[in-house]
Amino acid sequence: VEDSDIVIIDTREDVESLFVAQKCKVNLSSSIFVILDDMSISDIFEELGFIILDSHNLDLDKIINYIEKL
């Protein structure tokens, strides 16, 4: 994780995904994508620098588009 430029996290449990995301923040230059079911808390984590994706409206093309923008 320390050497990764991009990390995508989806544990199928929002609390676990966010916990893992925080632990992955050891490399401040990496882009961390977190896939959530409950988007009501997404603003908080976006402000912390995580890229939040909605699990209900997600496809591979959307992830690729985000990565290409980086």
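**Close-up 1. Val20 in helix α1 of the predicted model.** Let's start with Val20, a residue of helix α1. With a relative accessible area of 31%, Val20 is partly exposed. Which residues does Val20 touch, once those up to four places away in sequence are set aside? They are Ile9 and Thr11. Between these two in the chain sits Asp10, and the C-alpha atoms of Val20 and Asp10 are separated by 9.3 Å, with their positions 10 residues apart along the chain.

**Close-up 2. Ile9, a buried residue of strand β1.** Turn now to one of the partners of Val20: Ile9, which has its place in strand β1. Is Ile9 buried or exposed? Its relative accessible area is 4%, so Ile9 counts as buried. Leaving out residues up to four places away in sequence, Ile9 touches Ser17, Val20, Ala21 and Cys24, and also Ile32, Phe33, Val34 and Ile35. For a sense of scale, you can also look from Ile9 to Leu48: these residues are 39 apart along the chain, and their C-alpha atoms are separated by 15 Å.

**Close-up 3. The salt bridge between Asp10 and Arg12.** How many salt bridges does a search of the whole structure find? The search finds one. In this view you can see the side chains of Asp10 and Arg12 meeting in a salt bridge, at 2.9 Å from N to O. Asp10 is partly exposed, with a relative accessible area of 33%, whereas Arg12 reaches 64% and therefore counts as exposed. Arg12 lies in the loop between β1 and α1. Do check its backbone as well: Arg12 has a positive phi of about 80°, although it is not a glycine.

**Close-up 4. A nonpolar patch on the surface.** Which residues form the nonpolar patch? Here you will find Ile6, Ile8 and Leu70, which together have about 270 Å² of accessible area. Ile8 belongs to strand β1, which covers residues 6–9. Its relative accessibility is 45%, so Ile8 counts as partly exposed.

**Close-up 5. Ser31 and its contacts.** Two members of that nonpolar patch, Ile6 and Leu70, come back into view here as contacts of Ser31. Ser31 has its place in strand β2, made of residues 31–36. Why does Ser31 count as buried? Its relative accessibility is 15%, and buried means under 20%. Apart from neighbours within four places in sequence, Ser31 is in contact with Asp5, Ile6, Val7, Ile51 and Leu70.

**Close-up 6. A patch of negative charge.** Back on the surface, Glu13, Glu16, Asp37 and Asp38 gather in a patch of negative charge. One of them, Glu16, is found in helix α1, which covers residues 14–24. At 45% relative accessibility, Glu16 counts as partly exposed.

**Close-up 7. Glu68 in helix α3.** For the last view, look at Glu68, found in helix α3, which spans residues 60–69. Is Glu68 buried or exposed? Its relative accessibility is 60%, so Glu68 counts as exposed. How far apart are Glu68 and His56 in space, C-alpha to C-alpha? The two are 22 Å apart, with a separation of 12 residues in sequence.

Conventions:
Residues numbered from 1 in each chain as written. Predicted model: local features only at pLDDT ≥ 70, side-chain atom pairs only at ≥ 80, totals over all residues. Heavy atoms only, no water. Patch = residues over 30% accessible without salt bridge, like charges linked within 9 Å, V, L, I, M, F, W, Y side chains within 5 Å. Areas by Shrake-Rupley, 256 points an atom, 1.4 Å probe, with all protein chains shown as cover. Salt bridge = Lys/Arg side-chain N within 4 Å of Asp/Glu carboxyl O. Lys, Arg positive; Asp, Glu negative; His and termini not counted. Charge placed at Lys NZ, Arg CZ, Asp CG, Glu CD. Helix = DSSP H or I, 4+ residues; strand = E, 2+ residues; numbered from the N terminus. Buried < 20%, exposed > 50% of the residue type's maximum accessible area, 1.4 Å probe, protein only. Contact = heavy atoms within 4.5 Å.
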